[in-house]
Amino acid sequence: LGGNSWAARGGRRLLVFDYVEQAGAASSEGARGRGLARGFIGPADLDSLDVFVFVAHSHADHYDSVIHGWRRHARSIHYLFGWRAGTDPSHHYLVGPRTGVDLAGVRIRTVNSDQDGVPEVAYLVQLDGWTIYHNGDYRGEIREDFAHLRRFADRVDLAFLVSGWPREEHPLFRLARHFVEVFRPSHAFLIDRLGQERRPEPFARFLAD
């Protein structure tokens with residue numbers, strides 16, 4: 001989707017990670033311009049679904065307040081934040097360290113880091129026999145934290161990993177490589193900023209080697 005945003009759907013459940021509205025979402029096309037196929041979420045994408053909204057941290061390229069209006073359209077909706085984002089008792093603030101919650105048949109576990117005073121989490125999500133990992137900008141104690149997550153999952157089906165420079169010494173490459181070694185994901189997508197979508201390609205080739 002836009003920026004660092006990703007969505008995954010299974011049955012009547014829609015999982016949305018770090019949603020940020022794309023530029024032009026409120027274009028003159030109106031409702032015809034919205035929708036998952038166009039890179040952002042409109043009301044029709046939420047209708048009659050159980051929606052789980054994950055926000056890793058407070059930076060504007062990972063968190064957009066537009067998500068709060070979705071509750072008017074979804075059959076049910078759960079908001080999960082990696083920091084104390086507010087006081088709404090219906091929201092889930094997974095401030096950790098290494099915390100989690102079980103919601104409506106979905107198991108969620110987190111590991112935490114704190115970059116420049118901004119608390120953030122990575123999410124491990126399990127539902128209907130599937131395991132999904134979303135890294136966000138997590139850069140914590142990867143060996144200890146991934147060992148903790150492995151208590152809940154031996155393998156990951158779908159991983160969203162943060163990318164960086166394709167060099168052995170780069171901390172984001174070390175994170176991605178260790179994750180792949182531990183969890184052997186079936187499919188992995190690399191997170192990067194809007195407008196830099198080509199940058200992960202050499203990172204992915206280097207990781208595959």
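**Close-up A. Tyr 63 and Phe 81 meet in this predicted model.** Tyr 63 counts as partly exposed, with a relative accessibility of 22%. Its partner Phe 81 has a relative accessibility of 1% and counts as buried. The two ring centres are 5.9 Å apart and the planes stand at 90°, so this is an edge-to-face pair. Tyr 63 comes from the loop between E3 and E4, while Phe 81 belongs to strand E4, so the pair ties together parts that are 18 residues apart in sequence.

**Close-up B. Tyr 19 and Trp 70 form an aromatic pair.** The model has 17 aromatic pairs, and here is one of them: Tyr 19 and Trp 70 sit edge-to-face, 4.9 Å centre to centre, with 65° between the planes. Look along the chain and you will find these partners 51 residues apart. Tyr 19 lies in the loop between strand E2 (13–17) and strand E3 (50–55), and Trp 70 in the loop between E3 and strand E4 (76–81). Both Tyr 19 and Trp 70 are buried.

**Close-up C. Six aromatic residues join in a cluster.** Follow the ring pairs here and you will meet Trp 6, Phe 17, Phe 54, Tyr 123, Phe 160 and Phe 189, which they link together.

**Close-up D. Arg 109 places its charged end over the ring of Phe 152.** The distance to the ring centre of Phe 152 is 5.2 Å.

**Close-up E. Helix H1 packs with helix H2.** H1 spans residues 142–149, and its axis comes within 11 Å of that of H2. The axes cross at roughly 30°, an angle under 35 degrees, and H1 and H2 are therefore roughly parallel to each other. The crossing of H1 past H2 is right-handed. On the H1 side, the contact is made by Ile 142, Arg 143, Phe 146 and Leu 149. H2 contributes Arg 174, Leu 175, His 178, Phe 179 and Phe 183.

**Close-up F. Helix H2 also packs with helix H3.** Here H2 (residues 171–183) and H3 (residues 200–208) have their axes 11 Å apart, at an angle of about 45°. H2 and H3 are therefore oblique to each other. The passage of H2 by H3 is a right-handed crossing. To trace the contact, start from Leu 172, Phe 173, Ala 176, Arg 177 and Val 180 in H2. These residues meet Phe 203, Phe 206 and Leu 207 of H3.

Key
Residues numbered from 1 in each chain as written. Predicted model: local features only at pLDDT ≥ 70, side-chain atom pairs only at ≥ 80, totals over all residues. Heavy atoms only, no water. Phe/Tyr/Trp six-rings, centres within 6.5 Å; stacked < 30°, edge-to-face > 60°. Helix = DSSP H or I, 4+ residues; strand = E, 2+ residues; numbered from the N terminus. Buried < 20%, exposed > 50% of the residue type's maximum accessible area, 1.4 Å probe, protein only. Lys NZ or Arg CZ within 6 Å of the ring centre and 35° of its normal. Axes fitted to C-alpha atoms, helices over the stretch in contact; angles between N-to-C directions. Parallel < 35°, antiparallel > 145°, perpendicular 65-115°, else oblique. Left-handed = near helix turned anticlockwise from the far one by under 90°. Contact = heavy atoms within 4.5 Å.
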